Every structure is written in structure tokens, then in C-alpha cells.
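Hi there,

Here is the structure I promised to pass on. Have a look at it first, and my notes follow below.

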Amino acid sequence: MFRQATDLFKARFGAGPDPSVVSIPGRINLIGEHIDYHDLPVLPMAIQRCVWIAFRPGVDPHIRAVSAGSFGDREFSLASQIEPSAPGDWANYLKAAAQATMRGWEITRGIDAAIASDLPAAAGLSSSSALITGFAIALLQANGIRPTLRELLDVLPEAEHFTGTRGGAMDHAAILASQSGCALLIEFEPLTFSPIPIPNGWSFLVAHSLTTAEKSGDVRRAYNARRTAAFRALQQLGLPSYSAALEAHSRISISRIQGELELAAFRHVVSEALRVRQAVEALRGNDPAAFGKLLTASHVSLRDDLRVSSPALDSLVETALDAGAEGARLTGAGFGGCVIILCTAMAQNRIREQLISRYYSQRDGFDAEKHLFIAEASQGALVD
Ligand code: GLA
């Protein structure tokens, strides 16, 4: 991918000094879904698939970018208020990054940039956050600025709202601060990162459903609706935060919550937060069976309460469990994309074979290399 980005750069922007290159990994979320925006702890890890950006500083505040594949070229000028492109246009990710850096730092030079990626897009693996984060880092570097982790986390989650979803800070934190071989327990109040080694013999298989979840249009509305429903439930209970709800959860009478989505969202958020706590214990105690059960329970809650799963994701989870997985769940926002499957080394081949014969063989476009792979717990972009 490094070569693909630099070759594309030279083909598009011509001869000159070699471009600099930043690479930003994607992530899987092991557990703690749809709760980061309520400031509750989550447990993701960065993976080996990345977005690569080859870039050279420009002389003026102008951006010229090209992406491998069929995405095409985009250009715009830096300004204190950047006009968004049409919803769903990939320029919005670049604009989100540019807007965030303009707000936090003094940026006078734009960049020429070429982007290549082996991270599937719109698949729940944070390709959009990786692009925004990488583009922001490239722009900052081109202006002689080396941002710290906390500085980036102050501006990037907010930047993502430029593209329409009101997500939390999990993705940026995971792709910046994960450590090789570890899951990353992220707590938001206060912000702390605790790497937890993944025991030998645990494998997380990523299976793409071959359906995507573009974070514009319907998915954006559905995502934001879950967030606001859960907030409304809190308000109805007169509670200031979900951490307060967790402390009081055994004494709360949920029958006071009005509205089906509000009640379901509340149940999901509180139960998922409790599962994260138990999952951390299971990981530290090398108990894959307990961890797997929590993954599957998380999927059931996302499917039945929060209703962010899909028949394709459910079918992958069921097939994996039937084939002997310890546990499986959708990862990321849902509505399409990928599931993660916890399997021991012994069961791995059987699970793969069953997924291929029972799921992928019925569908077009499957490429084992791209769509069915073991996630390697990788280093975040700001970790040396
Ligand atoms: C998306 C958002 C994250 C998080 C997940 C769901 O990936 O970007 O902040 O909310 O959905 O857990």
C-alpha cells in the first residue's frame, strides 16, 4: 500500500521531492458498542489494515487530493468555514480534517495528497476515521506541527460531525493509541488508556457481510436517533449521565421510561457497559469462553434492543457460533459491515470453511483476502 500511495502520488502530481507518508490503522471494537458517545468505557484494538497518505506541502492554502480506485480527484481551499460537499462525497472527510486542524492550529499551507487503503470502506472498521485522522496529521505535519494524542482527541471526534454522524471518540483513540498485541480499554471520564494483552491462542476473525453501511442518509439518521433516544431516557429518569445510571442501575425503575426506542436504548447502554466490565475481567483472566459469551450477548442486545444489526450480520454470527466459535458480534456502528468472531486456533479452520460454504458461497463478490481475515492487534498511529 505504501508503494501504491507513492506511485499514485507521482503519477498525479509529477516529479519533485519524495512525498512524506502517513499510515493510519483501522480498528475493530471488541466490545462496548454505541456507548462511547455516552462516555462509557469501550474495548477496541487497532488492526493491520490501514489508510496510507502520501503527501507534499503546497505553497498556498489549497488541497488537491486523489484516491486510488474509482473515487477520483478533489480540490478545495482552506478557510475558517469550509463549505461541505454533497452528502456522501468523500471530499467531506478531507474537509472535516481540514476544518478541525484550522480550528485548533495555525495552518497556512495546504497539501497535495494521494490516498491508498486496504481497509474496506463503510464496513465498521473505521476507514472514515482513519482517513480524517491521517489527513489531519498530514496537514499538520506539512505546517511543521506534531500534534499530541490529547490535542488530536480534542478536535477529531467533533470533526467527524462534519460528515453527519454524532459519534464518540472511540475510533480516533483506538487508531492513535492502541499498542501492538493488546486491546485498548478506553475510559473517558477521565480520559485514560489501559492496554490489555490478548492471550496466546485467542484469534479474532473479521468477516465482512459484503453489505456496507454508508454513514450518510439513512444510516446517519438511524445512528443519531439511537443516540438521542438514549439521552431522552436519561432525562426522563432525571439522571445526569450514564455513569450515574450505572451506579444506580439496580434501583432504577425502567418502567418510568416513555417510548419504545428510549427504553430499548437505555437497556442496551446499561447492559453493554456492564458487559465491558466483565469482558475486561475475562480478558485479563484468559477466559475465552466467558469473553465469547459476552460478545454474543452484546450482539443480541444490538440486534433486539438497539436494532442496529441486519439479517446479513445475524447470519454470519449464527454460522460462526454453529461452527464452534466462542462468541461473535457485529463490530462498529452496525447496519451492515463486519462481524468479529472469537475463535481458538483449533476451531479457526472449521469456522472459516463453514462461513465460506454456508454464507459466502451464496453471494457474489467474495474475496477471502479482503473479506475474511484474522485481525492482528496493531500499533496506533501515534505510538512509537
Ligand atoms: C461508530 C462511531 C463510534 C461508535 C461506534 C458504535 O464507529 O464512530 O464513535 O459510536 O459507531 O459503537
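**Helix α2 and its surroundings**

Let me start with helix α2, which covers residues 91–104: its 14 residues, at 1.5 Å a residue, should span 20 Å, and the end C-alpha atoms are indeed 20 Å apart, so the two values agree. Please keep in mind as you read that this is a predicted model.

Most of α2 is covered, with 11 of its 14 residues buried. Among the buried ones are Ala91, Asn92, Tyr93, Leu94 and Lys95, and the list also includes Gln99 and Thr101. What lies over them? The cover includes the strands β3 (62–67), β4 (72–77) and β5 (111–117), along with the helices α3 and α4 (149–160). As for direction, α2 lies across β3, β4 and β5 and runs at about 30 degrees to β4.

One residue of α3 is worth a look here. Ser128 belongs to that helix, which takes in residues 127–142. With a relative accessibility of 15%, Ser128 falls under the 20% cut-off and therefore counts as buried. Setting aside neighbours within four places in sequence, Ser128 is in contact with Tyr93, Glu160 and Lys215. Tyr93 is one of the buried residues of α2.

**The sheet**

The strands under α2 belong to an open sheet of 5 strands, ordered β1-β2-β5-β3-β4, with mixed pairing. β1 (20–31) and β4 are at the edges; each has a single partner strand, so one side of each has no neighbour in the sheet. On average, neighbouring strands are turned by 25 degrees against each other, direction ignored.

β3 and β4 pair in the antiparallel sense, over 6 bridges. If you want a spot to find this pairing on screen, His62 stands opposite Ser77 in β4. Another helix, α9 (residues 288–304), lies across β1 and β2 (43–57) and runs at about 90 degrees to β1.

**Cysteines**

You may wonder how many disulfides the structure holds. The count is 0. For Cys50, the closest cysteine sulfur is in Cys338, 15 Å away, which is too far for a bond because a disulfide needs the two sulfur atoms within 2.5 Å. Cys343 is in no disulfide either, as its nearest cysteine sulfur, again that of Cys338, is 14 Å away. Are these two cysteines buried or exposed? Cys50 has 11% relative accessibility and so counts as buried, and Cys343, at 1%, also counts as buried.

Happy browsing, and best wishes!

Note on methods. Residues are numbered from 1 along each chain as its sequence is written. This is a predicted model: local features need pLDDT of at least 70, side-chain atom pairs count only at pLDDT 80 or more; totals for chains, interfaces and linings use all residues. Side-chain values use heavy atoms; hydrogens and water are left out. Helices (H or I, at least four residues) and strands (E, at least two) are DSSP runs, numbered from the N terminus. Buried means under 20% relative accessible area, exposed over 50%, partly exposed in between (1.4 Å probe, protein chains only). Contact means heavy atoms within 4.5 Å. The expected span of a helix is 1.5 Å times one less than its number of residues. Two strands pair if DSSP finds at least two bridges between them. Axes are lines fitted to C-alpha atoms, for helices over the stretch in contact, and angles run from 0 to 180 degrees between N-to-C directions.
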